[in-house]
Amino acid sequence: MYQLLIVDDEHSVVDSLAFTIPWSDYGIDTVYPAYSAEEALHIAAKHTIDIMITDIRMPEMDGLELIHQLRRLSKKIRSIILSGHDEFEYAQKAISYGAESYLLKPVDIGELIKSVQVIIAAIEQEWTELSSHQRLKRTLHANLPLLKDRLLNDLIQQKAISQEMLQERLSLLDISFQTGDPFVMMLVRLDEQFAEYDLDSLSLLEYAVTNIAQEVFQDLFELWHCTTDAGYLVFLIKSKELETLTLIDSSAVKLQKHVQRFLKGSLTICISGERSFPDHIQDTYHKSVISIQRNVGGHKSYFLKTDETVVELEENKLLPLYDLPLLPSMLESGKWDKALGILNRALGMNTTLEPTHDQLLAIVLLVSSSLAMTFSLQNGPLEEQLGEEFNLLLRKKSQLSRQRVWEWAEKIIIGLRDQSATQLEDSHQLIASKVRSFIEEHLAEGISLQSVADYIGLHPVYLSKVYKTVTSETIGDYLYTVRMERAAYLLKNSDLKIADVSSQIGFLAAPHFIKIFKKHYGATPQEYRNKT
């Protein structure tokens, strides 16, 4: 809602306009009547006036001067001039003073209301455009790092961007790099000390590294950085003074030391030769990546120069992957140690020969597919069972290293082994429980190992082995113990004849029962009963 100020030295005009028109129907919240220019200035100083309707001729100060004075308080106040003179000069002067409308007295109320509505619509349009512009600026500012990152990634991926469009985007994002500027590319990889971090934590570490880099380089250089899909940090470095490009190496070493000190980890850094922006960005990036990949892992080469020529590795230096296809069958049959042995050989864990980056990626994919055949869908989605580390290795391929791949795969395989052992133990416990239940429920029958095995559905020899593994006793031992305990209970708590007790616990002949009972308790069944 808006506030309206009505000014005229004729009280009847002010009162008529202020109190007879339903201004609230037209978006006006408050109407202030003023009977002089002085009173109008006083009201405007105390309240936020949006629209003023004023007579042009008043004693002490006319309407045009009043508009001028109010403009000093707020340039946003809109004005409508009322005049009893239909003269072009007055109208022209009113417009030059910023009046929105020039209406003749006596005022046509409909025309006045229409003029106010037009002003309100213009105010709302202005605020809409202003808020939209401010929102756009805020959005741009909030997303500036992401937009800068995306543009540099586009250049690395050699996406089609016209020179004119590139200059426009550089200007919009306030990036100082211009066509022809000399620059150096610095490629950074977070090394194995950061292997314990998950994907989100690794992203925070990357953010921390870029902040440290900005701090280290800012005095002499201008940086533009991004994180590639493979997980490498890329910095384009432009010198504020051309001769300082030679100092990049020392600044890069300082970056490594600060990361080691504050983040407790190491960086592999590769520095390119001098280039001319925006030429050869993609080529320089790929050569830098290859230089780093050749030195990842055991060599511990943390500061490198870009290889200007890419030489293919000799075939005889590649690790053998020929037995990796055996991995699924080893996992399926529960041969966990052999599965780990295959993986150990494929990664060359006991050799000085490092797998190539492509070999590592192939191993990750082969291992993941082999594991997928072993997983049970009851244990959750496949991605969850492969673990967060698998997601990280695929999304941040810069983190691929022999040790990291081994630790990921070993952890999952050992987890499967332990899970299998637990399931097997639970299965064996269930078998033993079924054996006991069968014996207790069929004690009066002629129980044999074969009858128990038939009930359980296992071979007698295997059943005996499982039962003894779980209980440390044989099935015969348990059958004997249950018979003697049941016999003792019946003798103490029933009047059954000895022959009937013998029959109820599965003995076919009472003399044989008496002999066994006496050997166990040191007394015949009748002597045992008499004692109680």
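When I speak of a contact this morning, I mean heavy atoms within 4.5 Å, and with that in hand I would like to walk you through parts of this predicted model.

Let me begin with the whole protein, in which there are 22 helices and ten strands. Of its 532 residues, 43% count as buried, and if we take the contacts with a separation of 6 or more, residues 24 or more positions apart account for 67% of them.

Now to the sheet, which is open, has five strands in the order E2-E1-E3-E4-E5, and shows parallel pairing. Its edge strands are E2 and E5, the latter covering residues 99-104, and each of these pairs on one side only. Averaged over the sheet, and with direction ignored, neighbouring strands are turned by 15° against each other.

I would like to stay for a moment with strand E1, residues 2-7, where six of the six residues are buried, so that the strand is mostly covered. What lies on each of the two faces of E1? On one side we find Tyr2, Leu4 and Ile6, on the other Gln3, Leu5 and Val7, and all of these are buried, which leaves both faces covered.

As for the partners of E1, six bridges join it to strand E2, residues 28-34, the two running parallel, and within that pairing glutamine 3 stands opposite threonine 30 of E2. Strand E3, residues 51-55, is also parallel to E1 and is joined to it by four bridges, with threonine 54 in E3 as the bridge partner of valine 7. Packing on this sheet is helix H2, residues 37-46, which touches E1 and E2 and whose direction makes about 145° with that of E2.

Let me turn, lastly, to a pair of helices. In general, two packed helices are described by the angle between their axes and the distance between the axes. For helix H8, residues 199-217, and helix H9, residues 248-262, the axes come within 10 Å and cross at roughly 135°, and H8 and H9 are therefore oblique to each other. The crossing in which H8 passes H9 is right-handed.

Which residues of H8 and H9 meet? From H8 they are Val209, Ile212, Ala213, Val216 and Phe217, and they meet Ile248, Ser251, Ala252, Lys254, Leu255, His258 and Val259 in H9. Sorted by class, this contact of H8 with H9 has nine nonpolar residues, two polar and one charged.

Conventions
Residues are numbered from 1 along each chain as its sequence is written. This is a predicted model: local features need pLDDT of at least 70, side-chain atom pairs count only at pLDDT 80 or more; totals for chains, interfaces and linings use all residues. Side-chain values use heavy atoms; hydrogens and water are left out. Axes are lines fitted to C-alpha atoms, for helices over the stretch in contact, and angles run from 0 to 180 degrees between N-to-C directions. Angles under 35 degrees count as roughly parallel, over 145 as roughly antiparallel, 65 to 115 as roughly perpendicular and the rest as oblique. A crossing is left-handed if the near helix is turned anticlockwise from the far one by less than a right angle, and right-handed if clockwise. Ala, Val, Leu, Ile, Met, Phe, Trp, Tyr, Cys and Pro count as nonpolar, Asp, Glu, Lys and Arg as charged, and the others, Gly among them, as polar. Buried means under 20% relative accessible area, exposed over 50%, partly exposed in between (1.4 Å probe, protein chains only). Two strands pair if DSSP finds at least two bridges between them.
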